[in-house]
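Dear colleague,

I am handing over the structure below, and after it I set out what was found when it was gone through. Please read the notes with the coordinates open beside them.

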Amino acid sequence: MAFFEAKNIVKQYAGHTALKGVSISVSEGSIFGLLGPNGAGKTTLIRIINQITGPDSGEVFFNGEPLKPEHVHHIGYLPEERGLYKKMKVGEQSIYLAQLKGMSKQDANEKLQAWFKKFDILEWWDKKVEELSKGMAQKIQFITTILHEPKLLIFDEPFSGFDPINANLLKKEILELRDKGCTIIFSTHNMGSVEEICDHIALIHKSEKILDGSFEDIKKEYRTNTYNISFNGDLEKLKANLSNDIEILEHQASKEFESLKLKLNNGTSSNDLLSQVLPHVELVAFNEIIPSMNDIFIRVIEEKNLSLDFE
Amino acid sequence: MNKILIIIQREYLSRVKKKSFLLLTFLTPIFIAGIYAFMIWMMMKDDTEKRTIGVINESELVSPVESKDFTTFEYLENTSFEEAKKMLDTKGYYAILKVPKNILEEQSAELFSFKQVTIEVKSEVGSQIRNHIETIKRSKIIAEANMPDLEQKLEATKTPISVKTIKFGDDGEIKQSSTEIAMGLGFAMSFIIYMFIFMYGVQVMRGVIEEKSNRIIEVIISSVKPFQLMMGKIVGVAMVGLTQFLMWVILTGAIIVIGSAVFLPGLDASSIQEASSISQLPSTGQAMNQAQLNMMQDVLGTFDMGYIMSILGGFIFFFLAGYLLYSALFAAVGSAVDNETETQQFMLPISLPLVLALYIGMAVAKNPEGSLAFWGSIIPLTSPIVMLVRIPFGVPVWELLLSMGLLVASFIFVTWLAAKIYRTGILMYGKKVSYKEIWKWIRYHR
């Protein structure tokens with residue numbers, strides 16, 4: 001049973017359908033990537049999960065139960081457009097937000113102290129938010145999102161606005177939370193981060209889900225059977241000895257060695273390739289070029305756009 | 001419910017701790033007490049400027065004016081008008097009084113000066129000459145009538161009459177009241193309500209706009225329902241207003257009590273009320289004259305506790321209900337716009353009924369019984385102010401209850417309406433808003 005499930009969500013605004021029957025299923029203790037171009041409907045789905053707005057039809061289940069108002073206490077939300085009360089002090093404000101999520105004042109105070117100690121930012125406690133830099137405010141906002149120890153976390157573009165050091169810190173924290181058993185839904189355009197932490201992804205495009213699967217499965221599915229070999233030796237000799245099923249896509253020469261990007265067609269295996277290469281040249285490097293999420297994303301969207309054009 | 005309390009607490013504390021709040025709360029009573037003290041001082045003080053007025057007496061009257069207090073009259077013998085005019089500079093005369101030869105027929109004298117002569121000097125001169133002439137005429141008639149004791153009998157006909165207004169209290173007690181004070185009180189209170197609605201209703205609106213523009217609204221709305229947030233805000237800000245008002249009342253009262261104890265020892269409210277004439281007051285009170293004493297008694301009569309309580313009860317109800325009604329409207333406006341400049345187009349429709357209410361209130365103060373008064377105090381948008389003006393004059397219970405009931409019902413309705421606008425509006429950021437758009441939001445179902 002999935003920890004969180006959305007079934008056939010339909011949402012219409014005046015003159016525009018934001019979601020046309022989108023379903024997702026998120027397992028407990030995993031990081032689920034919600035991807036898609038701008039305007040695809042991701043934010044609408046996220047708002048429905050957070051009970052900021054309701055679906056026109058479809059159901060949402062939280063830990064097996066239909067979504068209830070009380071569930072907000074177990075959900076943490078870091079929106080894409082984020083902010084805090086500028087004139088309110090950091091400590092006071094974090095506790096206030098935690099209280100709105102159902103935490104007791106005492107509890108919030110204790111946990112907040114622990115987090116501030118961990119991030120080494122205790123001296124910010126009595127500062128007003130307007131006195132902090134943007135990066136510092138982002139850190140505070142992250143803490144307020146997780147302070148009440150929610151079981152489900154929703155991050156919308158969490159890395160935007162973070163410098164590399166803090167982005168790394170954030171990534172570490174997210175992974176730590178996942179390891180502790182948190183379920184995380186994570187919406188982003190930053191494909192690099194998707195590569196690094198997602199267990200499962202869904203791709204939303206024009207109000208529909210067009211891709212859904214575990215990270216590994218999708219990578220496998222979109223393998224292009226492309227390989228990279230680097231060698232020392234006679235390029236022409238090698239070329240002459242490669243079968244027609246091996247297509248040369250690119251060639252690069254450097255001081256030390258030659259490199260070829262090859263596509264294997266018609267069921268040629270990697271071993272076949274190696275057996276054709278090894279007799280003729282000195283092999284320096286050999287690896288499969290696995291498509292990046294970025295590439296897969298673009299490919300899937302373009303394919304979908306094409307098919308939509310034909311409709 | 002619990003979450004609303006948390007929100008109320010936050011809205012309340014964040015505003016009460018502000019320096020601007022503390023400053024306004026503590027300085028205003030000092031300012032008001034200062035004005036109060038100044039007015040009393042003005043009442044008690046007479047004009048003490050020393051003046052010398054040159055008199056050219058061409059009439060047959062002997063000494064028509066006499067030097068009194070700080071004004072000295074110097075009779076100029078055998079002086080022409082031109083020479084006297086020069087004396088305005090050379091002798092520093094304040095003015096030249098010319099009593100013409102035929103004063104008994106013309107019945108007027110003239111005061112010449114470079115500066116505008118004060119009212120007190122003018123009336124002092126006028127009344128002195130009048131008394132002088134009247135005394136002469138009376139003496140002549142008395143002498144001609146040849147009646148014994150005529151002088152005394154005529155003196156006895158003088159009967160100054162003052163009208164005291166006495167209101168029956170609920171317990172039948174008779175307390176002296178003052179129509180002017182009642183009017184003033186009701187009117188002052190309604191003006192206070194107007195001020196508060198604008199000062200604090202606008203704060204609700206600003207709070208909503210702030211939350212939208214710094215985007216914290218997205219996080220908050222994932223934790224609480226929009227209605228809870230709206231109520232928390234409205235009530236929290238209301239508490240701030242009440243706190244400020246209470247502080248003002250307490251501080252102003254304290255300052256007045258302390259001030260009068262320090263500056264006018266022995267002269268307290270009860271001793272003033274009980275004294276029927278000046279002579280009964282302790283020495284510091286002797287500075288007043290009888291008219292001032294009556295006025296003070298009137299004022300203090302209205303400060304009777306029971307009377308204040310009944311007005312206070314009405315005040316609190318209409319203050320709260322009127323404020324809540326308008327705050328809901330302000331909340332709706334705040335959720336429809338993105339920044340303060342866009343609120344301008346909505347300010348007119350909201351302030352119109354309030355300003356209208358103030359004008360109706362002024363008319364009602366003169367006529368608390370007419371149909372304008374009735375309708376003005378029943379219609380929910382104007383009733384908070386107009387009813388307040390009527391209360392000091394007494395309002396039939398059924399009218400009071402009707403007005404209160406309508407106000408509560410309309411508050412609930414407007415809040416419901418505002419909540420719908422609020423719910424959709426807080427998420428719309430960057431959209432141009434029009435009445436048509438808002439109408440769509442109202443009809444939009446979750």
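Which residues does K86(A) touch, not counting residues up to four places away in sequence? The model is a predicted one, and in it K86(A) touches K128(A), V129(A) and E130(A) of its own chain together with N214(B). The residue is placed in the loop between β6 and α2 (90-100) of chain A, and K86(A) is partly exposed, because 15 other C-beta atoms lie within 10 Å, a count that falls between the 12 or fewer of an exposed residue and the 20 or more of a buried one. From C-alpha to C-alpha, K86(A) and A137(A) are 9.9 Å apart in space, although 51 residues apart in sequence.

A137(A) leads on to helix α4 of chain A, where A137(A), Q138(A), K139(A), I140(A), Q141(A), F142(A), I143(A), T144(A) and T145(A) are buried. These buried residues pack against β6, α2, α3 (105-119), β7 and α5 (164-179) of chain A. The length of the helix can be checked as well: the 13 residues of α4(A), residues 134-146, should span 18 Å at 1.5 Å a residue, and the end C-alpha atoms are 19 Å apart, which agrees.

Strand β6(A), residues 75-78, is covered on both faces, since I75(A) and Y77(A) on one side and G76(A) and L78(A) on the other are all buried. As general background, the side chains of a regular strand alternate between the two faces of the sheet. β6(A) pairs with strand β7(A), residues 152-156, in the parallel sense over 4 bridges, and within that pairing F155(A) is the bridge partner of L78(A).

Chain A is divided into domain 1 (4-220) and domain 2 (224-288), and the centres of these two domains, taken over C-alpha atoms, are separated by 45 Å. Chain A also holds an open sheet of 4 strands in the order β12-β13-β11-β14, with antiparallel pairing. Its edges are β12 (246-253) and β14 (282-288), each of which has a single partner strand, so one side of each is left without a neighbour in the sheet. From one strand to the next the twist averages 20°. Strand β11(A), residues 226-232, pairs with β14(A) in the antiparallel sense over 6 bridges, and S230(A) stands opposite A285(A) in β14(A).

Turning to chain B, its secondary structure comes to 17 helices and 6 strands, and buried residues make up 28% of its 446 residues. Among the contacts in chain B between residues at least 6 apart in sequence, 70% join residues at least 24 apart. The 27 residues of helix α5(B), residues 119-145, should span 39 Å at 1.5 Å a residue, and the end C-alpha atoms are 38 Å apart, which agrees; just after this helix, N146(B) takes a positive phi of about 60°.

Finally, there is the contact between the two chains, which takes 17 residues from chain B and 20 residues from chain A. On the side of chain B that touches chain A, α1 (2-16) and α8 (216-221) of chain B each supply at least two residues, and α8(B) gives the most, with 5 residues. The residues of that side of chain B divide into 7 nonpolar, 4 polar and 6 charged.

With best regards

Methods. Residues are numbered from 1 along each chain as its sequence is written. Chains are lettered from A and ligands numbered from 1 in the order in which they are written. This is a predicted model: local features need pLDDT of at least 70, side-chain atom pairs count only at pLDDT 80 or more; totals for chains, interfaces and linings use all residues. The expected span of a helix is 1.5 Å times one less than its number of residues. Two residues are in contact if their C-beta atoms, placed from the backbone, lie within 7 Å. Ala, Val, Leu, Ile, Met, Phe, Trp, Tyr, Cys and Pro count as nonpolar, Asp, Glu, Lys and Arg as charged, and the others, Gly among them, as polar. Two strands pair if DSSP finds at least two bridges between them. Axes are lines fitted to C-alpha atoms, for helices over the stretch in contact, and angles run from 0 to 180 degrees between N-to-C directions. Domain bounds come from an automatic or database domain assignment.
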